[in-house]
Amino acid sequence: MPGPRDLFCQPRRLGRGAALTMVFASVLLAGAATGALPDNGPQGNGDTVGADRAPGAHEDIARAAAEAMAAGKSPTEAAERAVSRSGDRWGAVYSPGEYEEFEEALDGRYTGVGLSARRQRDGRIEVSRVQSGSPAAAAGIHRGDRLRTVDGEEVEGRPVTEVVSLLRGDATDAAAGTEVRLGLARGAHDWSRTLRRAELSTDPVTARELTDGTTVIRASAFTKGAGSAIADAVRHAPAGVVLDLRGNAGGLVTEAVTAASAFLDGGLVATYDVDGAQRALHAASGADTSRPLVVLVDGGTMSAAELLTGALQDRGRAVVAGSRTFGKGSVQMPSRLPGGSVAELTVGHYRTPSGRTVDGRGITPDLEITASGEAAVQRAETVLSGLGDAS
């Protein structure tokens with residue numbers, strides 16, 4: 001079991017207690033992810049609260065689970081009720097299988113069909129992305145197609161979280177190889193396809209070079225390897241960088257620190273507390289700090305992405321452009337409960353290098369950009385051109 005975690009998104013348990021369930025906007029079918037603070041923080045900043053200990057609220061949750069199990073009742077459901085009563089907005093309880101899938105999501109792996117979806121204002125569910133080499137791609141499904149049904153169930157008007165659950169087969173713990181029948185529409189043409197779910201890998205970091213030499217690095221999540229992918233893209237960038245963190249719901253804090261190390265030559269990235277004990281996260285040394293950098297954010301930029309944004313803004317390393325970020329900066333710690341389930345409860349919060357609190361406030365950009373999509377990238381490129389060329 002890992003140490004304290006900065007829980008950014010919670011997978012699958014929809015409508016359970018006070019848990020706030022969200023999914024990545026860009027990889028909805030990958031399941032949601034959490035961000036883990038390291039058991040032994042960067043540069044020897046040890047984490048003194050182990051996951052097998054259950055201070056404070058964890059003890060209450062564990063007691064509720066144990067009493068329920070002794071009475072022949074569900075320890076998981078009892079723990080969920082206890083978390084709900086605690087008022088912990090980000091608290092959650094997972095079955096052993098759910099937690100295992102949770103960990104797999106952090107590894108960038110998931111079981112699904114390889115399409116991402118979004119809900120339009122009129123309630124329609126539209127395919128927003130099809131992963132190359134996936135079952136959805138093999139079936140000829142395209143971006144912009146409308147998803148009408150999943151295994152015969154109408155999805156129009158339903159929350160995308162429920163649609164994701166149907167596609168993944170959560171109700172039956174569907175494994176790779178199981179079938180799912182999709183009803184689709186493209187223009188006036190309706191058709192159906194039966195797909196087999198597969199174990200897929202996410203690709204949360206992409207990089208492309210614009211005609212003027214600007215490199216746009218898009219990071220949709222901080223799953224394992226994302227920080228190194230960002231660092232590699234920065235090393236190969238011929239000039240300035242636009243780091244697009246819009247819709248990035250977070251991920252592993254260690255990956256965000258690795259990403260920070262691509263832009264900062266050592267120094268403080270963030271501080272966090274665990275039950276009152278202060279810890280610090282530091283960037284590695286050796287980065288090129290002269291390369292112009294614009295960070296693009298919006299209301300979907302959360303947690304690990306906010307931690308990185310706050311560090312680059314406070315350290316004067318980047319111009320932050322876009323709109324105010326979400327404001328999620330609390331730290332969760334997992335503990336194993338009687339019966340094998342896992343509880344994630346809030347134990348503290350992190351702050352930016354200047355001491356700013358992110359939780360509930362978000363990060364205000366240096367420059368507001370109201371445009372969306374590629375138009376926002378173009379605005380960010382214009383801002384970057386005014387910062388000088390380090391090439």
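A strand here is a DSSP run of E residues, at least two long, and strands are numbered from the N terminus. With that in hand, we can walk through this predicted model, starting at one strand and working outwards.

**Glu209 and its strand**

Glu209 sits in strand β14, which covers residues 205-209. Is Glu209 buried or exposed? Its relative accessible area is 53%, and the cut-off for exposed is over 50%, so Glu209 counts as exposed. Leaving aside residues up to four places away in sequence, Glu209 touches Thr214, Thr215 and Pro238. Ala239 is 30 residues away from Glu209 along the chain, yet the two C-alpha atoms are separated by 9.5 Å.

**The sheet around β14**

Strand β14 belongs to an open sheet of 6 strands, and the order across it reads β14-β15-β16-β19-β20-β23. The pairing in this sheet is mixed. Which strands sit at the edges? They are β14 and β23 (367-368), each of which pairs on one side only. On the β23 side, β20 and β23 run parallel and are joined by 2 bridges. Across from Glu368 in β23 you'll find Gly322. Helix α8 packs on this sheet, where it touches β16 (241-244), β19 (293-297) and β20. The directions of α8 and β19 make an angle of about 140°.

**Two nonpolar cores**

The largest nonpolar core has 44 residues, and the members touching the most others are Ile230 and Leu243. Helix α8 turns up again here: spanning residues 304-314, it gives the most to this core, with 6 residues. If you want to look around Ile230, its contacts include Val205, Ile217, Ala219 and Phe222. Leu243, Ala259 and Phe263 also touch Ile230, again not counting residues up to four places away in sequence.

There is also a second, separate core of 19 residues, with Ala117, Val127, Ile141 and Leu184 among them. Two of those names come up again in a hairpin: Ala117 has Val127 in β8 as its bridge partner. The strands concerned are β7 (residues 115-119) and β8 (residues 125-130), which pair in the antiparallel sense over 5 bridges. Between them the hairpin has 5 residues, and Gly123 takes a positive phi near 95°.

**Aromatic pairs**

How many aromatic pairs does the structure hold? There are 2, set out below.

| Pair | Centre to centre | Angle between planes | Type |
|---|---|---|---|
| Trp90 and Phe326 | 6.4 Å | 75° | edge-to-face |
| Tyr94 and Tyr99 | 6.0 Å | 45° | tilted |

The Trp90 and Phe326 pair links distant parts of the chain, 236 residues apart. Trp90 is in the loop between α2 (75-86) and β5 (92-94), while Phe326 is in the loop between β20 (319-322) and β21 (330-336). Trp90 is buried, at a relative accessible area of 4%, whereas Phe326 is partly exposed at 29%. Why do these two get different labels? Buried means under 20% and exposed means over 50%, so the 4% of Trp90 makes it buried and the 29% of Phe326 falls in between. Trp90 has a charged neighbour as well: Lys328 lies over the face of its ring, at 4.7 Å from the ring centre.

As for the other pair, Tyr94 and Tyr99 are both buried. Their planes are at 45°, which is neither under 30 degrees nor over 60, so the pair counts as tilted.

Note on methods:
Residues numbered from 1 in each chain as written. Predicted model: local features only at pLDDT ≥ 70, side-chain atom pairs only at ≥ 80, totals over all residues. Heavy atoms only, no water. Core = buried A, V, L, I, M, F, W, Y, C linked by side-chain atoms within 4.5 Å. Buried < 20%, exposed > 50% of the residue type's maximum accessible area, 1.4 Å probe, protein only. Helix = DSSP H or I, 4+ residues; strand = E, 2+ residues; numbered from the N terminus. Contact = heavy atoms within 4.5 Å. Phe/Tyr/Trp six-rings, centres within 6.5 Å; stacked < 30°, edge-to-face > 60°. Lys NZ or Arg CZ within 6 Å of the ring centre and 35° of its normal. Pairing = 2+ DSSP bridges. Axes fitted to C-alpha atoms, helices over the stretch in contact; angles between N-to-C directions.
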